[in-house]
Amino acid sequence: MTQAEIKLCSLLLQEHFGEIVEKIGTHLIKTGSQPLRVIANDTGMSLDQVKKALCVLIQHNLVTYQLQKRGFVEYEAPCSRVLRILRYPRYIYTAKTLYSDMGELIVEELLLNGKMTMSAVVRKVADRLTETMEDGKTMDYGEVSNTFMRLADTHFIQRCPMAPETTETSDAPPPPAPTLAVNEKDMYVVPNLNLIGKGKRRRSFDDEDNGEHKAKRQKQDADSQESPPDDGIYWQANIDRFHQHFRDQAIVSAVANRMDQTSSEIVRTMLRMSEITTSSTAPYTQPLSSNEIFRSLPAGYNIVKQILDQYLTLLADDPLEFVGKSGDSGGGMYVINLHKALATLATATLESVVQERFGSRCARIFRLLLRKKHLEQKQVEDFAMIPAKEAKDMLYKMLSENFVSLQDRRQR
Amino acid sequence: RIKESQNAGKMKGSDNQEKLVYQIIEDAANKGIWSRDIRYKSNLPLTEINKILKNLESKKLIKAVKSVAASKKKVYMLYNLQPDRSVTGGAWYSDQDFESEFVEVLNQQCCKFLQTKAEAARDSKQNPMIQRNSSFASSHEVWKYICELGISKVELSMEDIETILNTLIYDGKVEMTIIAAKEGTVGSVDGHMKLYRAVNPIIQPTGLIRTPCGLCPVFDDCHEGGEISPSNCIYMVEWLEF
C-alpha cells in the first residue's frame, strides 16, 4: 500500500460516502484490522458514528470483520477492494454488452447499493426501465427476473454470505458477531419467487392511488410491501467474475491479432465453455474435446469438423502456447494455458511500455535481454546489431530508469 | 615431420627465441594473438619481443591485423592466414566501422519479404494448415532473395542472414520455428532447418502509454501538492481537451 493508493482510497470514499465514512475507512486502511473501540479512540469519533460508518462500509463490501480467538471482533478494510470502486463503470458496461440495458441496470443497482434482495432489485430496475419507455408502456417483472437469473447462472452476481440458522434450544450466549457463510452449491441459486408486476413510473399518478397526497402514497407502498418472500437472501456483484471476463477478452483479442478471426472465435468458445467449470485462478482450463468444441461453436459459424481440427492443431503448435493438447480421446483434448497466456500478455505490455517510452532500438535490446536473461555489453551489441556507442547509451538510459539492472560477475 | 623441416628451413638463421615466438603465433591460428599475450606465454622481455616481431614481419612470416574488438589492438598471425571473422568483424564491418545503415536496410528488406509472404498466404484463402505453412520461409529462402536483390557489396552467408533475422525476432516482428529436415534438403544444417514468419504484435500499445503520464519525463517528481502535480499538468489539460 503506497501513500498514493491510500490517498486515492480516501478520495473515493469521500466522493461516494462522505466525510465520516471517509475518516473511518481511511483509518482502517492505514492501520490494518482494529476493534470497534480502538477505531473510535484513534479517530476521535463517537462510538455511534463509528458504528454507522462501519455499517455503510460493510453493506458495500468494503469492510470485513472477523471474530478473534479472544472474543472480540476486528474490522478490516482492504485497500485493494476500495480501489475496485474505480472499475464500477467498466463492470456496468460489461453487463450492458452481455445482457443489454436490463443487465446494465441490475449490476448498477447492486454495485451502488452493495447488497440487495432479488425482489428489491427487480422492482427497482423495472421502475427505472419503465421511466425510459414510451407513455403507456411498462416493463414486466418477469423479463427482469429472467435477466437476473441469467446473470446468476453465469456467476456475475452471487448470494451474500448469510447468518446461520439459530436453534431455539441453544444455551450458549450468541457470539458477539455472527459468522456468515454461504454454501458453495447455493451461491448462484435464484430463489423461486413468483414476481408478478410491472414497473411503476415515478411521476405517474394514473394508478389506483389517484389524487392522494404524494407522501401518503409512498407510505402506502411501504405498508403494502410486507415481508418480501426472499427476505434475508441478499445478492452482490461478483467482482472476480468480471475480472475473469476481462482476462478472457484479452486472451481472445491476442489470438485474433496473432492468428485470425476464426482462431479467436474458437478460443472464445473454449473459454466460454470453461467459464463456470474452471476456477479463476487455475493454471489451465479443463480439457475440452474437439467434438464438444465443435458442438458449442456459435450458430453462425459454418466450418466443418476437419477444418476445426486443423485450427485446433495450429493453435496447439503455435509458439504462443496459449492452447495445449492434453490427449487424443474425443477427437483430441485441448486446454487453454491460462497462466502462460497471462504471462505472455504481461510481457507484451512491458515491451510496449519500453517501445513507446524509449524507442524501437531500445525495445529490441529489452526483448533480447528478456530472452537471454544475462548478457555482457559486447554480446548485446552483437546480437542486437547496434553500434557500440548507441548500444551503451540505450542501456544506460534504461538502467537509469530502472528497466534493466547491472550485475557484477567475477571473471574466472 | 615434413612440415617441421619446412619450417626449420624458413627459420634458418633465427635463434631459439624467435622460434618460440613463431610457435606461439602459429598456435593462435587465424584468431591471432596480442603482443602482450605473446610475452606472457614466452616469458621474454618486451623489448626482445618487439625486436623479434619486427624481424618476423620483415621476413614476411607473420603479419599484424587490426582487431575490430579494440581498434588500438593489433593481433599477430601467420602471414598467409585469412583472419577470423571475430577479428575483422565479418560482413558488418568495413575498416573497423560498423555498417549500421547497411544492417538497417537488410533488416527492412528481410522484414518486407516475410510480410509479403505472410500476406500472400492469408489472401490465398486455402485451408488453415496450408495457409500457415506457406507463410513460413526458411533462412535459405530469405538468403537467396537477398542475394538476388543485389543490394550487398559483400558476399553474405546464410548465417549472416540468420543474424539479421534474429534482430527481427528481437524487434517482435518475426517468429522462428526449427523443424527437422532430412540431410541434403536445401538449406538444412545438421538435420535442422530454421523457418521464419512475419507476425503482428499481440496487443495494442498499452493503456498507460496512451496517457500523458506514460511518456512524461518528470513522472517521478509528480505528486499532488508539489510543484509538478496532476492538477497543474499542462500535458493532462491538452490531452483531456480532445
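The contact between the two chains takes 34 residues from chain A and 32 residues from chain B, where contact means heavy atoms within 4.5 Å. This is a predicted model, in which local features need pLDDT of at least 70 and side-chain atom pairs count only at pLDDT 80 or more, while totals for chains, interfaces and linings use all residues. Residues are numbered from 1 along each chain as its sequence is written, chains are lettered from A in the order in which they are written, and side-chain values use heavy atoms, with hydrogens and water left out.

**The interface**

The size of an interface is often given as the accessible area lost when the parts come together. Between chain A and chain B about 3000 Å² is buried, and carbon and sulfur atoms give 61% of this area; the buried area is the accessible area (1.4 Å probe) that two parts lose on being put together, summed over both. On the chain A side, Arg258(A), Arg364(A) and Met385(A) lose the most area to chain B, and together they account for 24% of what that side buries.

Arg364(A) also appears among the contacts of Asn107(B), which, once neighbours within four places in sequence are left aside, touches Arg364(A), Ile164(B), Thr167(B), Leu168(B) and Asp171(B). Asn107(B) belongs to helix H6 (residues 100-123) of chain B, helices (H or I, at least four residues) and strands (E, at least two) being DSSP runs numbered from the N terminus. With a relative accessibility of 4%, Asn107(B) counts as buried, a term that means under 20% relative accessible area, with exposed over 50% and partly exposed in between (1.4 Å probe, protein chains only).

**Chain A as a whole**

Chain A has 17 helices and nine strands. Its radius of gyration is 28 Å, well over the 22 Å that the globule rule gives for 412 residues, so chain A is more spread out than a compact globule; the radius is taken over C-alpha atoms, and the rule is 2.2 Å times the number of residues to the power 0.38. Along the principal axes, the C-alpha atoms of chain A fill a box of roughly 85 × 65 × 50 Å. Buried residues make up 43% of the 412 residues in chain A, and of its contacts between residues at least 6 apart in sequence, 60% join residues at least 24 apart.

Two spans of chain A carry domain annotations in an unreviewed UniProt entry: "RNA polymerase III subunit RPC82-related helix-turn-helix" and "DNA-directed RNA polymerase III subunit RPC3 winged-helix". Such annotations may be inferred rather than shown by experiment.

| Span of chain A | Helix | Strand | Distance between end C-alpha atoms |
|---|---|---|---|
| Residues 7-65 | 76% | 7% | 23 Å |
| Residues 350-409 | 72% | 0% | 26 Å |

**Two sheets**

Strands of a sheet pair through backbone hydrogen bonds, either parallel or antiparallel. In chain A, three strands form an open antiparallel sheet in the order E1-E3-E2, where two strands pair if DSSP finds at least two bridges between them. Strand E1 (34-35) and strand E2 (64-67) of chain A stand at the edges with a single partner strand each, so one side of each is left without a neighbour in the sheet. Two bridges join E1(A) to strand E3 (residues 73-76) of chain A, and Glu74(A) in E3(A) is the bridge partner of Pro35(A).

Chain B has an open antiparallel sheet of three strands in the order E6-E8-E7, with strand E6 (137-138) and strand E7 (174-180) of chain B as the edge strands, each pairing on one side only. Seven bridges link E7(B) with strand E8 (residues 192-198) of chain B in the antiparallel sense, and Met176(B) has Tyr196(B) of E8(B) as its bridge partner.
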